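User: I'm new to this one and would like a close look at a single part of it. Could you pick one strand and walk me through its surroundings?

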Amino acid sequence: MADRALRGMQIGAKSLETEDGIVFADRSQKRYQCENGHIFAVTMAAEAEPPANWECRCGATAEYLGEAEPEETKPAKPVRTHWDMLLERRSEEELEILLEEQLEVLRRGELRDGVAYRR
């Protein structure tokens with residue numbers, strides 16, 4: 001009977017709770033360096049006291065270096081429109097030729113659904 005109640009839902013896959021009204025804690029990056037020279041950052045709550053040592057991914061003990069500088073934000077990419085992407089594939093002269101061909105087919109009354117007219 002219990003298997004019928006959970007039908008259509010993957011257990012643990014999705015939460016039914018929303019994040020409305022939740023205030024997230026401020027975070028900061030704490031930097032560590034291990035004896036093998038690996039430097040890495042660990043995200044912690046801003047008010048948390050970082051431990052003096054942290055285990056590196058290589059298994060060595062890493063020492064606390066201090067807070068990491070905030071990363072510079074990358075400049076946003078300009079939005080590419082459909083027209084921009086079309087112009088990457090064809091020139092405006094080619095598009096004019098295609099338009100004239102299709103208008104000629106339309107004027108002759110030969111347009112049908114699902115048929116490619118360009119040969």
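**A close look at strand β1**

Analyst: Let's start with one pairing: R31 stands opposite G66 in β4. That strand, β4, covers residues 61-67, and five bridges join it to β1, with the two running antiparallel.

Before going further, keep in mind that this is a predicted model. The protein chain averages a pLDDT of 83, and 81% of the residues score at least 70. Confidence varies by element: helix α1 (residues 2-5) has the lowest mean pLDDT, 54, while α2 has the highest, 94.

Now back to β1, which spans residues 27-34. Besides β4, β1 also pairs with strand β2 (residues 39-45), again in the antiparallel sense, this time over seven bridges. On that side, Y32 stands opposite F40 in β2. The two strands β1 and β2 form a hairpin with four residues between them. In the turn sits G37, with a positive phi of about 95°.

What about the two faces of β1? S28, K30, Y32 and C34 make up the covered face. R27, Q29, R31 and Q33 make up the uncovered one. That every-other-residue pattern fits a general rule: in a regular strand the side chains alternate between the two faces of the sheet.

One residue on the covered face deserves a stop of its own, and that's K30. Is K30 buried or exposed? It counts as buried, because its relative accessibility is 2%, and the cut-off for buried is under 20%. The side chain of K30 isn't left without a polar partner: it makes a polar contact with the side chain of E67, at 3.1 Å. Setting aside neighbours within four places in sequence, K30 is in contact with a whole list of residues, including F40, A41, V42 and M44. Also among its contacts are A46, A48 and P50, along with Y64, G66 and E67. Two names there come back from the strand pairings: F40, the residue opposite Y32, and G66, the residue opposite R31.

So here's the picture to look for on your screen. Find β1, with β2 joined to it through the hairpin and β4 bridged to it as well. Then find K30 on the covered face of β1, and follow its side chain to the side chain of E67.

How values were computed: Residues numbered from 1 in each chain as written. Predicted model: local features only at pLDDT ≥ 70, side-chain atom pairs only at ≥ 80, totals over all residues. Heavy atoms only, no water. Buried < 20%, exposed > 50% of the residue type's maximum accessible area, 1.4 Å probe, protein only. Pairing = 2+ DSSP bridges. pLDDT = per-residue confidence, 0-100. Polar contact = N/O pair within 3.5 Å; in protein donor to acceptor, adjacent residues only side chain to side chain. Contact = heavy atoms within 4.5 Å.
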